[in-house]
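This report looks at charged side-chain pairs and at one helix that takes part in them. The sequence and structure come first.

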Amino acid sequence: MARRTVARRLEGRRLVIASHNQGKLREIRELLAPRHIAVGSAAEHGVPEPEEDGESFAANAAIKARAVSAATGLPALSDDSGLVVPALGGEPGIHSARWAGPARDFGLAMKKVIEMLGACDPAAHFNCALALAWPDGHAEIFEGRIDGTLVWPPRGGHGFGYDPIFVPMGLNETFGEMAPEKKHAMSHRARAFALFADACLPR
Ligand code: IMP
């Protein structure tokens with residue numbers, strides 16, 4: 001008989017966000033705000049970023065959440081995400097942060113994507129894997145995706161990363177032009193977060 005797996009739920013109301021990316025930290029804090037969870041960050045706990053050597057968003061999310069949970073003794077929530085461009089063989093994908101170089105120059109990364117794309121199909125999607133891990137190594141993983149199109153030149157000053165060149169399907173404005181609440185209502189991160197919240201946050 002098939003057995004339905006039930007996700008492990010957060011028992012207390014404290015967790016650490018296992019990310020050093022300010023854009024992600026801000027968005028995850030905004031998503032958690034109505035849930036009355038006390039949130040710290042890996043940097044506040046003095047935990048460095050582990051090496052992300054997984055081959056998928058989910059694997060990298062689990063690596064980050066497990067490392068921070070083991071180091072702090074608290075449940076840790078991580079986000080591994082990126083822009084996937086099928087015409088570029090799925091790149092930048094799990095290497096999205098690396099495409100911006102050590103200076104984290106996303107103006108450069110966006111230009112590189114558009115130049116490599118040339119006249120190829122500008123279809124793209126953002127993927128997000130959220131992992132919640134506990135100090136015993138157990139992890140729950142949730143994934144979300146939003147489809148859209150790449151545009152050039154970049155538009156808008158909201159958001160972070162590749163937001164100014166991504167227009168969600170059916171809309172005309174980029175994530176960079178959108179008010180944060182509008183992005184939170186549809187983004188890959190918000191979709192993964194809704195699954196995570198339903199399965200793991202205290203009722
Ligand atoms: P990582 O998950 O820390 O490896 O980094 C993911 C990278 O993907 C970020 O640095 C951003 O460049 C990009 N990315 C992920 N989510 C978003 C988003 O919501 N908007 C724009 N860029 C994103």
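The text below covers the salt bridges, the burial of their partners, and the packing of helix H5.

**Salt bridges**

The model is predicted. Searching the whole structure yields 13 salt bridges. Side chains of opposite charge can pair when their charged atoms come close. Three of the pairs are tabulated here, with the separation of their closest N and O atoms.

| Pair | Closest N and O atoms |
|---|---|
| Glutamate 27 and arginine 189 | 2.7 Å |
| Arginine 189 and aspartate 79 | 2.4 Å |
| Aspartate 163 and lysine 183 | 2.8 Å |

Arginine 189 appears with two partners, glutamate 27 and aspartate 79.

The salt bridge between glutamate 27 and arginine 189 has its closest N and O atoms 2.7 Å apart. This pair connects distant parts of the chain, with glutamate 27 in helix H1 (residues 22-32) and arginine 189 in helix H5 (residues 188-200), 162 residues apart. Glutamate 27 has 3% relative accessibility and so counts as buried. Arginine 189, at 1% relative accessibility, is likewise counted as buried.

The second partner of arginine 189 is aspartate 79, with closest N and O atoms 2.4 Å apart. Here too distant parts of the chain are linked: arginine 189 belongs to helix H5 and aspartate 79 to strand S3 (residues 76-84), 110 residues apart. Aspartate 79 is buried because its relative accessible area is 0%, where buried means under 20%.

Aspartate 163 and lysine 183 form a salt bridge with closest N and O atoms 2.8 Å apart. Aspartate 163 sits in the loop between strand S5 (139-150) and strand S6 (166-168), and lysine 183 is in helix H4 (residues 180-184), so this pair ties together parts that are 20 residues apart in sequence. Aspartate 163 and lysine 183 are both buried. Through shared partners, salt bridges join Lys24, Glu27, Asp79, Asp163, Lys183 and Arg189 into one network.

**Helix H5**

What distance separates the end C-alpha atoms of H5? They are 18 Å apart, which agrees with the 18 Å that its 13 residues should span at 1.5 Å a residue.

The buried residues of H5 are His188, Arg189, Ala190, Ala192, Phe193, Phe196, Ala197, Ala199 and Cys200. They pack against strand S1 (14-17), H1, S3, strand S4 (123-133), S5 and H4. Arginine 189 is thus one of the buried residues of H5 and a member of the salt-bridge network.

Key: Residues are numbered from 1 along each chain as its sequence is written. This is a predicted model: local features need pLDDT of at least 70, side-chain atom pairs count only at pLDDT 80 or more; totals for chains, interfaces and linings use all residues. Side-chain values use heavy atoms; hydrogens and water are left out. A salt bridge is a side-chain nitrogen of Lys or Arg within 4 Å of a carboxyl oxygen of Asp or Glu. Helices (H or I, at least four residues) and strands (E, at least two) are DSSP runs, numbered from the N terminus. Buried means under 20% relative accessible area, exposed over 50%, partly exposed in between (1.4 Å probe, protein chains only). The expected span of a helix is 1.5 Å times one less than its number of residues. Contact means heavy atoms within 4.5 Å.
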